[in-house]
Amino acid sequence: MADSAIDIEYVAGLARLEIAPDEKERLQRDLDHIVDYIAELGEVDVTGVEPTAHAAALSNVWREDEIVETPSQMREVMLKNAPALMDGDLVKMPRILPGEGEH
Amino acid sequence: MAAELRTISGDAGLLASGQLSAVELVKGYLERIDKREGEIGAFLALDREKVLAAAAAADSRRASGKALSRFDGVPVGIKDCIVAEGETASCASKILKPVISPFDATAVARLRAMGFIPFGRLNMDEFAMGSSCENSAFHKTANPRDVSRVPGGSSGGSAACVAAGFAPAALGSDTGGSIRQPAAFCGVVGLKPTYGRVSRYGLVAFASSLDQIGPLTNSVEDAGILLDSIAGRDPRDSTSLPAPAGGFAAAAQPRGSLKGVRIGLPKEYLDNPGIAPGVAKTLQDTIAKVRELGAETVEVSLPHTKYAVAVYYIVATAEASANLARFDGMRYGARIDGRDLADTYLKSRGQGFGAEVKRRILLGTYVLSSGYYDAYYLRAQKVRTLIRRDFDEAFKSCDVMMTPVTPDVAFKFGEKADPLQMYLSDIFTIALNLSGNCGISIPAGRDGVTGMPVGVQLLGNSLDEARLLGVASTLMKNL
C-alpha cells in the first residue's frame, strides 16, 4: 500500500505523545500493518452515500441556559486531583512563555 | 455456597424474607473475594468499610419500612471507567492513577437511588482498549473458569467478578464488544443496550458515538432489572434517547416457547471460516434448540460485514484520539515535568499511556490528519452508513438475529500478541456498535476440548431490548 509509510514521529508530535526510541520500531511495524488492513475500505463503492457520525437519530438537543453551582465538596475533590496547586486553590501550570533571556 | 450462581433477584428474595441482612449478604461476598481474589484480580479497588456502611444503611431503611426498592442492599460491581463519587477513576491507566471522582455517573446515581451498593472498582483494559484485560496498567485479571486464560475485555474485571461470584452483577461498557465478549469468555450474560438507551454521563469517553453502558449478570432477568434501573433520558447526556424505558425485567421472564419469533441467521457471520469447532457446534445446537422451541429461522445477509473491523478501527481510534487529548497532566492526573509546556505534555502523555492506547491515539490522529481524512475517516463514516442499512434491511425479515460472540473461546495469557489479530477477533461484536442496535451474549454451552464456556449472541433492533431479553431468557432457560 502506498500510504502505509506512516510517519510515526510526525503523528506522535500532532498527538503530543513522546515515543521512546525502543517503542518506535514496534509501533511502526504494528501501525503499517494496521494501516494496510484498513486501506481495504478503498474498494467499497460509497458514491452518493451520506456519512454516519452518530447512531442516534437526534439533532440539536437544547437545555435551559442556567447556572448550576458546584458544591464546595466537589470543588475540594477536584482541587485534590490537581498535580500541583498554588495559593491554596489555584491549579499551578507550567510556564507557557519563555522567561527573560530565554528567547 | 462456593459454586452456586448468585442473582440480583435471588439476593432480593433473601433480603425480603429476612433470611439475610444486607450486611450479611455483603459479608458473604467479601468472604468469597478473600478466598479467590488473589488468583483472579477482578478489582482495582474495594473499600470494605464503605460497602459495609452502605449495607448497614440499607438494613436500617428496610427495618423502618423505607427500603428504596426490593433491591436495597444488593451490591453491583462497577467498571473503573464508570465514575462513582469518592472512588478512584483510573480507567486502569497510570495517567489517571491518583484521580478520585468528584461525582457519580448517572448510571451509578440511578443504581444508588434504587438502593444498589456500588461495589468496588473493576479492572479493565486501559481506557477500554483491548479484548483481554491484559492492557490494564496495574494487573492482569484471570478467567474464573480457568485462571490460565484471559477473562476477555475490555470489561474483563466485570465479567470475572460476576463469574467468580464476587457480586451478583456488574456494570461494564461496550464500544466494540467489551461487554458481550468477556461475558462469553466467562460464561455470564452481557447486554449492550441500544446506543442512547443509557446515559453516558460519567462514563469516561473512549469513542463517543459507540460507547454504551450495560449490565453483566448471571441471568437475563437480572440484565432486565439493571436496565430498568439505569435506562432513560438524562439531561446531562444530549445523546441519551427520550424513548420510554422500563418494563425490561418483566419482559425478561422466560416463556413456554418461541412460537411466532423469527430468528435471522446472518450468513456472513455463520459462514466465517475462522469459527472454532467448539463455537460452531454450540451455535448449531442452539439453532436446533430455537427451532425446537417453535421459532422460525430465516437466513439474512449483512453484506458489509467484512469491512466492519476496518471501519471500527478508524472511527473508534479517531474519536479516541480526540477524547483522550484531555489527559495532559494539567488539571488532574499524573504530570511529568519537562523543560517547557510542550515537553510536559509529551512526557506526561508518553509515560502515562500504555502501548495499546498509544497505538490507537496514533492511528486515530493519523486517519484525521491533513491529507488522510477523506481517504480514511470520511470513507469509514460512509461505509458505516452501509453497515447500518444492512441491519435495517435484515430486521425487515426477522425479529432478532443469532450469531457467535467470538470466533473462539477464551485464550491463554500472551497468546495473542499481534494487535491486528486481536482486532480481527472482534468481528462478530463490533458491527453492532457501528449500527447502534442492541445485543446480548448468553452462555450457551461448553467447548468440548477446553471445557471453556461458549456464548451465543442475539442482536435486536434499535430500542427493542424488551423483545431481545424475552427471547434470550426463554432460550437460556431451555439450554
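Helix α2 of chain B, residues 22–40, has a kink of about 45 degrees centred on B:Asp34. Keep in mind that we're looking at a predicted model here. Much of this helix is tucked away: B:Ala22, B:Val23, B:Leu25, B:Val26, B:Gly28, B:Tyr29, B:Leu30, B:Arg32, B:Ile33, B:Glu37 and B:Ile40 are buried. What sits on top of those residues? The cover includes α1 (8–17), β1, α3 (48–63), β2, β3 and α5 (156–163) of chain B. It helps to recall a general point: an α-helix has 3.6 residues a turn, so residues three or four places apart point the same way. Just after α2(B), the chain reaches B:Gly41, which takes a positive phi of about 70 degrees.

Go a little further along and you meet strand β1 of chain B, residues 43–45, which pairs with β3(B) in the antiparallel sense over two bridges. Within that pairing, B:Ala45 has B:Arg121 of β3(B) as its bridge partner. β3(B) has another neighbour too: strand β2 of chain B, residues 75–79, pairs with β3(B) in the parallel sense, this time over four bridges. B:Arg121 turns up again here, with B:Ile78 standing opposite it. To get from β2(B) to β3(B), follow helix α4 of chain B (residues 106–113); the three elements make a right-handed β-α-β unit. How enclosed is β3(B), residues 117–122? Six of its six residues are buried, meaning under 20% relative accessible area, so the strand is largely enclosed by the rest of the structure.

Now step back to the whole sheet. It is an open sheet of eleven strands in chain B, with mixed pairing and the order β1-β3-β2-β4-β6-β5-β10-β11-β9-β7-β8. Its edge strands are β1 and β8 (296–300) of chain B, each of which pairs on one side only. From one strand to the next, the twist averages 35 degrees.

Part of the way along that order, strand β5 (residues 189–192) and strand β6 (residues 212–217) of chain B pair in the antiparallel sense over two bridges. B:Val189 has B:Thr217 as its bridge partner in β6(B). Helix α7 of chain B, residues 220–230, packs on the sheet in this region, touching β2, β4 (169–174), β5, β6 and β10 (438–446) of chain B. The direction of α7(B) makes about 145 degrees with that of β6(B).

Another helix to look at is α10 of chain B, residues 277–292. This one lies across β7 (262–266), β8, β9 (400–404), β10 and β11 (453–460) of chain B, and runs at about 155 degrees to β9(B).

That brings us to β11(B). Why call this strand largely enclosed by the rest of the structure? Eight of the eight residues of β11(B) are buried, so the description fits. Both of its faces are covered: B:Pro453, B:Gly455, B:Gln457 and B:Leu459 are buried on one side, and B:Val454, B:Val456, B:Leu458 and B:Gly460 on the other. As for pairing, five bridges join β11(B) to β9(B), the two running antiparallel, and B:Met401 stands opposite B:Leu459. β10(B) also pairs with β11(B) in the antiparallel sense, over eight bridges. There, B:Arg446 has B:Pro453 as its bridge partner. β10(B) and β11(B) form a hairpin with six residues between the strands, where B:Gly451 takes a positive phi near 75 degrees.

Next, the aromatic rings. The count comes to 15 aromatic pairs over all chains. Take B:Tyr366 and B:Tyr372: their ring centres are 4.5 Å apart and their planes stand at 35 degrees, so this pair is tilted. Angles under 30 degrees would count as stacked and those over 60 as edge-to-face. The two tyrosines have their own levels of exposure: B:Tyr366 counts as buried at 1% relative accessibility, while B:Tyr372, at 25%, counts as partly exposed. Elsewhere among the aromatics, B:Phe127, B:Phe327, B:Tyr332 and B:Phe353 form one cluster.

Finally, a stop in chain A. A:Leu97 is found in the segment after β2 (90–91) of that chain. Is A:Leu97 buried or exposed? With a relative accessible area of 65%, A:Leu97 is exposed. A:Leu97 and A:Pro51 are 46 residues apart along the chain, and their C-alpha atoms are separated by 41 Å.

Notes
Residues are numbered from 1 along each chain as its sequence is written. Chains are lettered from A and ligands numbered from 1 in the order in which they are written. This is a predicted model: local features need pLDDT of at least 70, side-chain atom pairs count only at pLDDT 80 or more; totals for chains, interfaces and linings use all residues. Side-chain values use heavy atoms; hydrogens and water are left out. Rings of Phe, Tyr and Trp (its six-membered ring) pair if their centres lie within 6.5 Å; planes under 30 degrees apart count as stacked, over 60 as edge-to-face and the rest as tilted. Buried means under 20% relative accessible area, exposed over 50%, partly exposed in between (1.4 Å probe, protein chains only). Two strands pair if DSSP finds at least two bridges between them. A crossover is right-handed if, with the strands pointing away from the viewer, the path from the first strand over the helix to the second runs clockwise. The bend at a residue is the angle between axes fitted to the seven residues ending there and the seven starting there. Contact means heavy atoms within 4.5 Å. Axes are lines fitted to C-alpha atoms, for helices over the stretch in contact, and angles run from 0 to 180 degrees between N-to-C directions.
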